[in-house]
Amino acid sequence: MNILKLNEYVKTSNSIQNYKSLCTILEEKIKTGKSKQLQLEEFARYFKYHKEGNKFIIDEIYEIPVIKINARGGAHNTTEYIKNIENLILDLLLQKGNSRTLGFGRVFLSKNQLLKEFEMINDNYVYCKRRIPKLSKFMNIDPETVKEWYDLNDNMLERNLIQALDNLENQCLVLWSREITIAEAILMAEILEDGTNIIKTKYIDQYEEEQIDYKYYAND
């Protein structure tokens, strides 16, 4: 669902001619019957609308999508996908939680590293987030809209991840905490005094941006 395009559209008009036009803007498939009804319910998580005849009038686009509830669990309703994230966390602890320094069943990862492990984001997501002006130009969408999209998705992803971790902790299956890490900076002068050669290489990456790579070689 392309909410960015809908954001752009409503800047000029909040009236959309019909259901087919709405699907075209959102880049969604046109459906019928029960599938269409479920699709419209999904749309309502992202924006508020009302109808005037066949027209869809967009009243509001939510900053954060309304949480989707899976009611099949009765009193134990859970947000959709949270259970899947819980299973991925447990699997990660079993598969990779065997560090000599941390001990069995423990991992130390950043939020983005966790999300990438679970394939909830990829390298492009992180790379483009750091280059919003360039992404804005490439997509022909104003930077404010792109930044808003990232803010909304970051909030949603972090909220779901924390919910899954809290659920597991409440079941006494995991213990987790936030930690602040500090990277130790090593001055170039200190490296050179040790007799290390620094090789600086410039190259153009796949996104046609100049990158600089440093490699260190100790003298024999």
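# Strands, charges and salt bridges

Modeller: Let's start with S2 and S3, which pair in the antiparallel sense over six bridges. Please keep in mind that this is a predicted model.

Biologist: Happy to! What makes S2 and S3 a pair?

Modeller: Two strands pair when DSSP finds at least two bridges between them, and S2 and S3 have six. Along the way, His-50 sits opposite Ile-57 of S3, and Tyr-49 faces Ile-58 of that strand. In the hairpin they form, two residues lie between the strands, and Gly-53 has a positive phi near 70°.

Biologist: How do you know that S1 pairs with S3?

Modeller: The cut-off is at least two bridges, and two bridges join S1 (residues 15-16) to S3 (residues 55-61), so the pair qualifies under that rule. These strands run antiparallel. As an example, Ile-16 has Phe-56 as its bridge partner in S3.

Biologist: What is the order of the strands in the open sheet?

Modeller: The three strands come in the order S1-S3-S2, with antiparallel pairing. S1 and S2 are called edge strands because each pairs on one side only.

Biologist: Why is Lys-51 called partly exposed?

Modeller: Buried means under 20% relative accessible area and exposed means over 50%, with partly exposed in between. Lys-51 has 48% relative accessibility, so Lys-51 counts as partly exposed. You will find Lys-51 in strand S2 (residues 47-52). Its C-alpha is 9.2 Å from that of Asn-18, although the two residues are 33 apart in sequence.

Biologist: And why does Glu-63 count as exposed?

Modeller: The value for Glu-63 is 58%, which is set against the cut-off of over 50%, so Glu-63 is exposed. Glu-63 is in the loop between S3 and strand S4 (69-70).

Biologist: Which residues form the negative surface patch?

Modeller: The patch consists of Glu-52, Asp-59, Glu-60 and Glu-63. It is called negative because Asp and Glu count as negative.

Biologist: Now the salt bridges. How many does the structure hold?

Modeller: There are 10 salt bridges in the structure. In general, side chains of opposite charge can pair when their charged atoms come close.

Biologist: What makes the contact between Lys-11 and Glu-8 a salt bridge?

Modeller: The rule asks for a side-chain nitrogen of Lys or Arg within 4 Å of a carboxyl oxygen of Asp or Glu. For Lys-11 and Glu-8 the N to O distance is 3.2 Å, so this contact is a salt bridge. Glu-8 is partly exposed at 26%, whereas Lys-11 is exposed at 52%.

Biologist: How do you know that Lys-11 and Asp-142 meet in a salt bridge?

Modeller: Their N to O distance is 2.4 Å, and the limit is 4 Å, so that pair counts too. This pair links distant parts of the chain, 131 residues apart: Lys-11 is in the loop between helix H1 (3-10) and S1, and Asp-142 is in the loop between helix H7 (132-139) and helix H8 (143-170).

Biologist: Where do Lys-147 and Asp-151 lie?

Modeller: Both are in helix H8, four residues apart, which is about one turn of the helix. Their side chains form a salt bridge at 3.1 Å, N to O. Lys-147 has 44% relative accessibility and is therefore partly exposed. Asp-151, at 33%, is partly exposed as well. Elsewhere, Glu-8, Lys-11 and Asp-142 are joined into one network by salt bridges that share partners.

Definitions and conventions
Residues are numbered from 1 along each chain as its sequence is written. This is a predicted model: local features need pLDDT of at least 70, side-chain atom pairs count only at pLDDT 80 or more; totals for chains, interfaces and linings use all residues. Side-chain values use heavy atoms; hydrogens and water are left out. Buried means under 20% relative accessible area, exposed over 50%, partly exposed in between (1.4 Å probe, protein chains only). Patches are made of residues with over 30% relative accessible area and no salt bridge: like charges are joined within 9 Å, nonpolar side chains (Val, Leu, Ile, Met, Phe, Trp, Tyr) within 5 Å. Accessible areas come from the Shrake-Rupley method with a 1.4 Å probe; for residues, only the protein chains shown count as cover. The place of a charge is taken as NZ of Lys, CZ of Arg, CG of Asp or CD of Glu.
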